[in-house]
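Subject: Structure handover

Hello,

Here is the structure I said I would pass on. My notes follow it.

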Amino acid sequence: MNRAENSDSIPIDLILEIFLRLPSKSVGRFHCVSKLWRSMLSCPYFKELYLTRSSTRPRLLFVVHSVGEEEEEEDKLHFYSSSQPQIPYDKSSLVVAADYHTTFPSERCSYASGLICFRGKGCSGEEAMTLICNPITGQYAELPKVIMYFRSTAFLGFDPIDKQFKILLEHFRYSSATHRHIILTLGVPKLGWRSDICCPKYYLYLSEGICISGVIYYLVRARYSKGVHEIVCFDVRYEEFKVIEAQCFYNHHQTLRLINYEGKLGGITGNLNDSGAIELRMWVLHDVEKQEWSEYVYTLPENDDIKLHDFTVAGMTTRGEFVLSMIDTFKPFYVFYFNPEKNALRSVEIQGFGEDVSSVEVFVDHVEDFNFLRRESS
């Protein structure tokens with residue numbers, strides 16, 4: 001009996017169940033085994049099943065930045081991922097090997113719901129290509145060119161109701177409120193940038209954006225001469241802006257990281273307290289309409305691997321653990337899991353990034369997904 005006959009004798013449901021337990025990289029390879037397997041693995045039914053199963057085992061996504069050695073050599077973004085291990089509290093450290101996925105030439109990127117948006121070639125004031133990619137599968141799409149400037153920033157958002165991705169681009173920060181941003185809806189027959197949205201006035205954005213439950217948030221300085229800080233909220237579905245006072249972030253914006261805190265917007269930073277211990281200070285937006293913020297302070301337990309100048313906060317997992325990652329890339333490279341309820345800090349050494357690394361950005365709760373641009377329904 002040959003291999004094809006063996007495969008045909010196994011029930012389809014059992015084959016699908018086996019595939020659902022495999023990492024995405026292995027599933028991708030099995031597309032080449034036969035037409036039957038390619039058909040099974042490409043159908044919307046399997047993609048939704050895999051997405052559902054992957055949601056129960058989220059991963060860390062690593063964006064590893066390497067700088068071109070030659071003058072004309074481009075910077076590159078290398079994408080890796082690893083499991084988010086449930087570390088026993090009687091064990092202080094763990095070693096995990098990261099899985100390599102794909103590489104793209106670029107310098108900066110924006111993340112939302114499993115996809116990455118980044119800028120392609122182009123000098124300031126010239127037309128440049130924006131690309132969107134699935135970092136796990138390597139699928140990508142080139143988007144319509146648009147004039148980019150030095151401070152042009154793309155924010156990627158996902159609408160969970162219509163299951164649609166959109167890119168909000170601040171393409172010229174000093175323009176009027178009606179022309180400051182343009183928007184692109186992905187997964188539609190005719191792609192094109194639109195400027196028919198009324199934008200809020202502010203001087204300068206101060207943070208990377210984050211998309212939570214269909215809303216893009218980012219921190220801005222409201223005026224040039226005064227330290228007035230605000231959070232800009234953009235509803236991806238209705239394409240409407242709202243501005244929230246965020247003066248609590250004054251003096252913290254340089255180290256601030258916006259995070260998803262149990263479905264709410266959080267801003268978190270780290271510093272030393274009076275006794276020399278490391279503190280995490282977090283503000284959570286509990287009520288958008290009333291613009292009510294709550295402040296929380298956590299003191300980290302002693303750990304020889306972590307120093308204040310060595311880490312940044314990557315985010316918070318669905319299990320309620322803060323994930324911290326090293327800022328520098330000296331080996332060994334660590335991420336740290338802090339459980340505030342148990343006041344426990346655990347370190348995980350991540351291996352496999354190679355040698356040519358200038359910086360590493362970490363995204364938490366990344367879900368492996370074979371859908372691209374527009375979520376398919378079964």
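Which residues of β1 are buried on one side, and which on the other? R59, L61, V63 and H65 are buried on one face, and L60, F62, V64 and S66 on the other, so that both faces are covered. Please bear in mind throughout that this is a predicted model.

**Strand β1 and its partners**

β1 spans residues 59-66, and eight of its eight residues are buried, so the strand is largely enclosed by the rest of the structure. Two pairings of this strand are worth noting. With β27 (residues 359-366), β1 runs antiparallel, and six bridges join the two. R59 has H366 as its bridge partner in β27. With β2 (residues 76-83), β1 is again paired in the antiparallel sense, here over eight bridges. On that side, L61 is bridged to S81 of β2. Both R59 and L61 belong to the one face of β1, along with V63 and H65.

**Salt bridges**

The count of salt bridges comes to 13. I looked at three of them in detail.

E17 and R53 meet through their side chains, with an N to O distance of 3.3 Å. This pair links distant parts of the chain: E17 sits in helix α2 (residues 12-20) and R53 in helix α5 (residues 44-54), 36 residues apart. Each of the two is partly exposed, E17 at 26% relative accessibility and R53 at 27%.

R194 and E239 form another salt bridge, at 2.6 Å from N to O. R194 is in the loop between β13 (181-185) and β14 (204-205), while E239 is in the loop between β17 (229-235) and β18 (240-245); the pair therefore ties together parts that are 45 residues apart in sequence. R194 is partly exposed, with 26% relative accessibility.

In the third, R319 is bridged to E321, and their closest N and O atoms are 3.1 Å apart. Are these two residues buried or exposed? R319 is partly exposed, having a relative accessible area of 35%. E321 has a relative accessible area of 9%; the cut-off for buried is under 20%, so E321 counts as buried. As for a network, K166, R194, D196 and E239 are joined into one by salt bridges that share partners.

**The β17-β18 hairpin**

E239 comes up again here. β17 and β18 are paired antiparallel over six bridges, and D235 has E240 as its bridge partner in β18. Four residues lie between the strands of this hairpin, and E239 takes a positive phi near 55° in it. The residue with this positive phi is thus also a salt-bridge partner of R194.

**Surface patches**

Which residues form the negative surface patch? They are E73, E74, E107 and D356. D356 is placed in the loop between β26 (344-351) and β27, the latter being a strand that pairs with β1. The relative accessibility of D356 is 43%, which makes it partly exposed.

There is also a nonpolar patch on the surface, made up of I10, L14 and I18, with about 240 Å² of accessible area together. I10 lies in the loop between α1 (3-9) and α2. Its relative accessible area is 35%, so I10 counts as partly exposed.

**Two further positions**

I132 is a residue of strand β8 (residues 130-133). At 0% relative accessibility, I132 is buried. The C-alpha atoms of I132 and C109 are separated by 9.5 Å, the two residues being 23 apart along the chain.

P105 belongs to strand β4 (residues 99-105). P105 is partly exposed, with 39% relative accessibility. Between the C-alpha atoms of P105 and D75 the separation is 5.8 Å, with their positions 30 residues apart along the chain.

Regards

How values were computed
Residues are numbered from 1 along each chain as its sequence is written. This is a predicted model: local features need pLDDT of at least 70, side-chain atom pairs count only at pLDDT 80 or more; totals for chains, interfaces and linings use all residues. Side-chain values use heavy atoms; hydrogens and water are left out. Buried means under 20% relative accessible area, exposed over 50%, partly exposed in between (1.4 Å probe, protein chains only). Two strands pair if DSSP finds at least two bridges between them. A salt bridge is a side-chain nitrogen of Lys or Arg within 4 Å of a carboxyl oxygen of Asp or Glu. Patches are made of residues with over 30% relative accessible area and no salt bridge: like charges are joined within 9 Å, nonpolar side chains (Val, Leu, Ile, Met, Phe, Trp, Tyr) within 5 Å. Accessible areas come from the Shrake-Rupley method with a 1.4 Å probe; for residues, only the protein chains shown count as cover. Lys and Arg count as positive and Asp and Glu as negative; His and the chain ends are not counted. The place of a charge is taken as NZ of Lys, CZ of Arg, CG of Asp or CD of Glu.
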